[in-house]
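Here is a quick walk through one protein chain, with an eye on its charged contacts and its rings. Have a look at the model first, then read on.

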Amino acid sequence: MYRARPRSRYRLLGLVAVGSLLGACTIPVATDLDEPAANKVVAALGRNGVAADKQRDSEHEGRFSVDVGRGDASFALAVMAREELPPPAAPNWSETLGQGSLIPSRADERAKLLLATAGELQRSLLGIDDVISARVHLAVPDRDVLEGDGPPTPPTASVLLKHGNADPPLSAVDIQRLVAGAVPGLDPSSVVVVTKAVAEPVERKGTELVRLGPLTTTRSSLPYLRWMIACVATLNACMVALLFALWTRGRRSARARANLALERER
């Protein structure tokens, strides 16, 4: 009796080949990202006319990657470099305060506390829409017991905020209030805020969307999509021809066995 096991094997190989062809039209431009960072990359690329897709990173559990068409990869990397993406991860409280020395001094613990506070403020600012990068610097002088009864030096702070649109997402007053609320004794007027808008989205040819049958893609990715469809169609034709050859071979084998059985009966 003819067995269909070889047919199943070839069908599995065909599916693997189709999957490889589908993945050949896209390329990752950022990997090992948390979800907020991946969302920022996708949003920035979309603002500049690049179709991007957020995917689960197969090499890093619980992380994400961002894929674009091969025709958009170089422009996508230029956009990410201009907008400083993916954003650097600011240290949180547990990461900063958990790095203790064998015999921590009071100055070390205080420096870690200030670093952790600045990191949390940066994380808060990065969580706001349209914020590309944020740096917070805190200057809180330590009270020296040898200074006597003179007035202590007041703390100060500075913030550098980069954003995507022409206008910042937060006013300088709001940023001053946010930073001053996290540092005891810090007056909002002592917080220097510097905001900077990145370059406006660059228009380029090939980013307009076009349709190819039921599919929608950018004009720059259209040749790769056509190449993929041609490869998949050719592969399907080869698979059909192979399956037909196997079916014909099986019919011939079955007919030969039937004729052999009839000759034995005679």
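How many salt bridges does a search of the whole structure find? The search turns up six. Keep in mind that this is a predicted model.

Three of these pairs are laid out here, each with its N to O distance.

| Acid | Base | Closest N and O atoms |
|---|---|---|
| D32 | R63 | 2.9 Å |
| E83 | R47 | 2.7 Å |
| E120 | R123 | 4.0 Å |

Take D32 and R63, which are joined by a salt bridge. This pair links distant parts of the chain: D32 belongs to strand β1 (residues 26-33), while R63 is in the loop between β2 (52-56) and β3 (64-69), 31 residues apart. D32 is partly exposed, at 33% relative accessible area, and R63 also counts as partly exposed, at 28%.

Next up is the salt bridge between E83 and R47. E83 lies in the loop between α3 (73-82) and α4 (93-97) and R47 sits in helix α2 (residues 35-47), so this pair ties together parts 36 residues apart in sequence. E83 counts as buried, with just 3% relative accessibility, whereas R47 is partly exposed at 35%. There's a third partner here too: R47, R82 and E83 are linked in a network of salt bridges.

E120 and R123 are a local affair: both are in helix α5 (residues 106-126), three residues apart, or about one turn of the helix. E120 is partly exposed, with a relative accessible area of 24%, and R123 is partly exposed at 41%.

Now for the rings. The structure holds one aromatic pair. F244 and W247 make it up, in a tilted arrangement with 5.9 Å centre to centre and 35° between the planes. Both residues lie in helix α7 (residues 222-265), three residues apart, about one turn of the helix. F244 is exposed, at 53% relative accessible area, and W247 is partly exposed, at 42%. Elsewhere, the charged end of K54 sits over the ring of F64, 5.2 Å from its centre.

What about nonpolar side chains on the surface? L160, V192 and V194 form a patch there, with about 230 Å² of accessible area together. V192 is part of strand β6 (residues 191-197) and is partly exposed, at 48%.

Stepping back, the chain has seven helices and eight strands. Of its 266 residues, 30% count as buried. The accessible surface comes to about 17,000 Å², and 58% of that belongs to carbon and sulfur atoms.

Key. Residues are numbered from 1 along each chain as its sequence is written. This is a predicted model: local features need pLDDT of at least 70, side-chain atom pairs count only at pLDDT 80 or more; totals for chains, interfaces and linings use all residues. Side-chain values use heavy atoms; hydrogens and water are left out. Rings of Phe, Tyr and Trp (its six-membered ring) pair if their centres lie within 6.5 Å; planes under 30 degrees apart count as stacked, over 60 as edge-to-face and the rest as tilted. Helices (H or I, at least four residues) and strands (E, at least two) are DSSP runs, numbered from the N terminus. Buried means under 20% relative accessible area, exposed over 50%, partly exposed in between (1.4 Å probe, protein chains only). A charge sits over a ring if NZ of Lys or CZ of Arg is within 6 Å of the ring centre and within 35 degrees of the ring normal. Patches are made of residues with over 30% relative accessible area and no salt bridge: like charges are joined within 9 Å, nonpolar side chains (Val, Leu, Ile, Met, Phe, Trp, Tyr) within 5 Å. Accessible areas come from the Shrake-Rupley method with a 1.4 Å probe; for residues, only the protein chains shown count as cover.
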